[in-house]
Structures are given as structure tokens and as C-alpha cells.
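Visitor: I'm new to reading protein structures. Could you walk me through some features one at a time?
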Amino acid sequence: MGRGRTRERAQLLAKIRSLVVDAGPCIALASIGQLGLLEELCEEVIVPHAVFQELADGAKFDNAHLVVQLANARLMPPEISTLAEWRNLGAGELHVIAYAEIHRVVALLDDAYARKAARRNGIEVLGTLSLLLIAKAQGHVEALAPLIAVMRAGGYRLADGLVLDVLRAAGET
């Protein structure tokens with residue numbers, strides 16, 4: 001993630017009124033005690049029902065109710081998806097992308113295939129690390145390296161190159 005792309009992300013977030021979230025980023029943010037960043041950085045957090053179900057059913061995240069208890073969160077019923085051709089997407093990812101496409105909001109996704117599907121459909125996408133980078137730029141977190149280390153220690157998969165790029169952009173290398 002180069003410096004130009006970092007500026008793009010900061011400008012994008014400054015414009016975000018609504019962010020539709022997938023389960024992976026919610027789990028990652030909760031694992032580092034930063035789920036509240038969604039409230040601080042976005043006016044509205046949309047949680048598709050399929051994502052809430054994934055969080056509620058998952059062994060990695062036993063506090064799904066915390067996501068919808070964010071002051072600005074809205075639990076949304078299923079959307080009709082125009083992305084049936086994306087068979088490798090999970091239900092949560094499919095609903096995030098469908099909602100973002102229909103309502104023209106930014107999607108918070110970490111899965112590479114889901115991000116590709118979203119971008120092919122003209123959807124603006126943020127990942128958890130981009131969100132953390134913006135949070136640091138806005139003074140909501142002091143350092144990213146310790147947060148990323150906790151995410152990784154908890155089993156959250158992050159490509160080494162991506163982590164290095166984010167830490168460089170954050171001025172931590």
C-alpha cells in the first residue's frame with residue numbers, strides 16, 4: 001500500500017457515511033479490542049443478517065451481539081444478490097457485496113476473493129488494516145504493530161507484504 005493509496009483511503013474514509021461490514025473484520029477488530037473504531041470512524045455501520053448469523057454461529061467470536069450494539073449499527077435483512085456467479089463467496093461476503101452494490105456504500109472486507117468481486121462490481125472496499133491505518137492517522141490508535149501482532153497471534157491471516165506496506169505507511173518501520 002503506497003503513500004498515494006494511503007491518502008486515497010484517508011479521503012475515502014472522510015467521506016464514509018455508511019460502512020457495510022463482513023464477519024472477518026469484526027472478529028479481527030474485536031480480537032484487538034478495537035471494535036469501537038467502527039463507531040468512531042463511520043456514521044453508520046450496516047451488519048447484514050448473514051454476517052450476524054456467521055458471527056453468532058462462529059466459535060471464534062462469541063459476542064456477536066457487540067457488533068449490533070454499536071451505537072450506529074443497523075442489522076439488515078438479506079438483500080437480493082446480483083452476484084450469483086461468485087460461487088466461492090460465503091453468505092456473509094455475498095450479502096455485504098450485494099448491500100454495498102445496491103446502496104452504494106463502502107464494504108469492509110478482508111477476503112481477497114470477496115474484495116476482487118466487490119471491486120469488479122464498482123464497490124469501494126476497505127480492509128481491516130486500512131481501517132486501522134486510518135484510525136491511526138486520525139489519532140484513534142497509537143501504533144499498529146502491536147495490534148497486528150495480536151491479530152496474527154490469534155490466527156488472523158495477513159500477508160507479510162501487506163503488513164509491511166501498512167507499517168511503512170504508518171511510519172512504523
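Visitor: Let's start with one residue, then. Leaving aside its neighbours within four places in sequence, what is Ala118 in contact with?

Guide: Ala118 is in contact with Ile97, Leu109, Ile123 and Val125 once those sequence neighbours are set aside. Keep in mind that this is a predicted model. You'll find Ala118 in helix α7, which covers residues 112-120.

Visitor: And is Ala118 buried or exposed?

Guide: The general idea first: in soluble globular proteins, nonpolar side chains tend to be buried together. As for Ala118, its relative accessibility is 0%, so it counts as buried. You can also look at Leu94, which sits 24 residues away from Ala118 along the chain, with 9.2 Å between their C-alpha atoms.

Visitor: Okay, let's zoom out. How many helices and strands does the protein have?

Guide: There are 10 helices and five strands. Of the 173 residues in the protein, 49% are buried. The protein exposes about 8500 Å², and carbon and sulfur atoms supply 50% of that area.

Visitor: What about contacts between residues far apart in sequence? What share join residues at least 24 apart?

Guide: Take the contacts between residues at least 6 apart in sequence: 62% of them join residues at least 24 apart.

Visitor: Now the core. Which residues have the most contacts inside the largest nonpolar core?

Guide: That would be Leu38, Leu132 and Leu144, in a core of 54 residues. Helix α8, residues 128-137, gives the largest share of this core, with six residues.

Visitor: Can we follow one of those? What does Leu132 touch, not counting residues up to four places away in sequence?

Guide: Leu132 touches Leu29, Ile32, Leu37, Val141, Leu144, Leu147 and Met151. Leu133 is in helix α8 too. With 5% relative accessibility, Leu133 falls under the 20% cut-off, so it counts as buried. Leu133 and Val166 are 33 residues apart in sequence, yet their C-alpha atoms are 7.0 Å apart in space.

Visitor: How should I read two helices that meet?

Guide: Two packed helices are described by the angle between their axes and the distance between the axes. Here, the axes of α2 and α8 come within 10 Å and cross at roughly 45 degrees. That angle makes α2 oblique to α8.

Visitor: Which residues of α2 and α8 meet?

Guide: From α2 there are Pro25, Ala28 and Leu29, and from α8 there are Thr128, Leu131 and Leu132. Helix α2 spans residues 23-31, and its buried residues include Ala23, Gly24, Pro25, Cys26, Ala28 and Leu29.

Visitor: Cys26 caught my eye. How many disulfides does a search of the whole structure find?

Guide: The search finds zero disulfides. Cys26 is buried, as its relative accessible area is 0%. Cys42 also counts as buried, at 4% relative accessibility.

Visitor: And what comes just after α2?

Guide: Gly33 is there, with a positive phi of about 70 degrees. The loop between α2 and α3 (37-41) also holds Leu35. Leu35 has a relative accessible area of 9%, so it is buried. Leu35 and Pro25 are 10 residues apart along the chain, and their C-alpha atoms are separated by 9.0 Å.

Visitor: What should I look for when I read a phi angle?

Guide: Check the sign and the residue type: most residues other than glycine have a negative phi, and most peptide bonds are trans. Now look at Arg104: its phi is near 55 degrees, a positive value in a residue other than glycine.

Visitor: Where is Arg104 placed?

Guide: Arg104 is in the loop between α6 (91-103) and β4 (106-108). Its relative accessible area is 53%, and since the cut-off for exposed is over 50%, Arg104 is exposed.

Visitor: One last residue. Is Arg157 buried or exposed?

Guide: Arg157 counts as exposed, at 79% relative accessibility. Look for Arg157 in the loop between α9 (145-153) and α10 (160-169). Then find Ala28: Arg157 and Ala28 are 129 residues apart in sequence, while their C-alpha atoms are 9.8 Å apart in space.

Definitions and conventions: Residues are numbered from 1 along each chain as its sequence is written. This is a predicted model: local features need pLDDT of at least 70, side-chain atom pairs count only at pLDDT 80 or more; totals for chains, interfaces and linings use all residues. Side-chain values use heavy atoms; hydrogens and water are left out. A nonpolar core is a set of buried Ala, Val, Leu, Ile, Met, Phe, Trp, Tyr and Cys residues joined through side-chain atoms within 4.5 Å. Buried means under 20% relative accessible area, exposed over 50%, partly exposed in between (1.4 Å probe, protein chains only). Helices (H or I, at least four residues) and strands (E, at least two) are DSSP runs, numbered from the N terminus. Contact means heavy atoms within 4.5 Å. Accessible areas come from the Shrake-Rupley method with a 1.4 Å probe; for residues, only the protein chains shown count as cover. A disulfide is a pair of cysteine sulfur atoms within 2.5 Å. Axes are lines fitted to C-alpha atoms, for helices over the stretch in contact, and angles run from 0 to 180 degrees between N-to-C directions. Angles under 35 degrees count as roughly parallel, over 145 as roughly antiparallel, 65 to 115 as roughly perpendicular and the rest as oblique.
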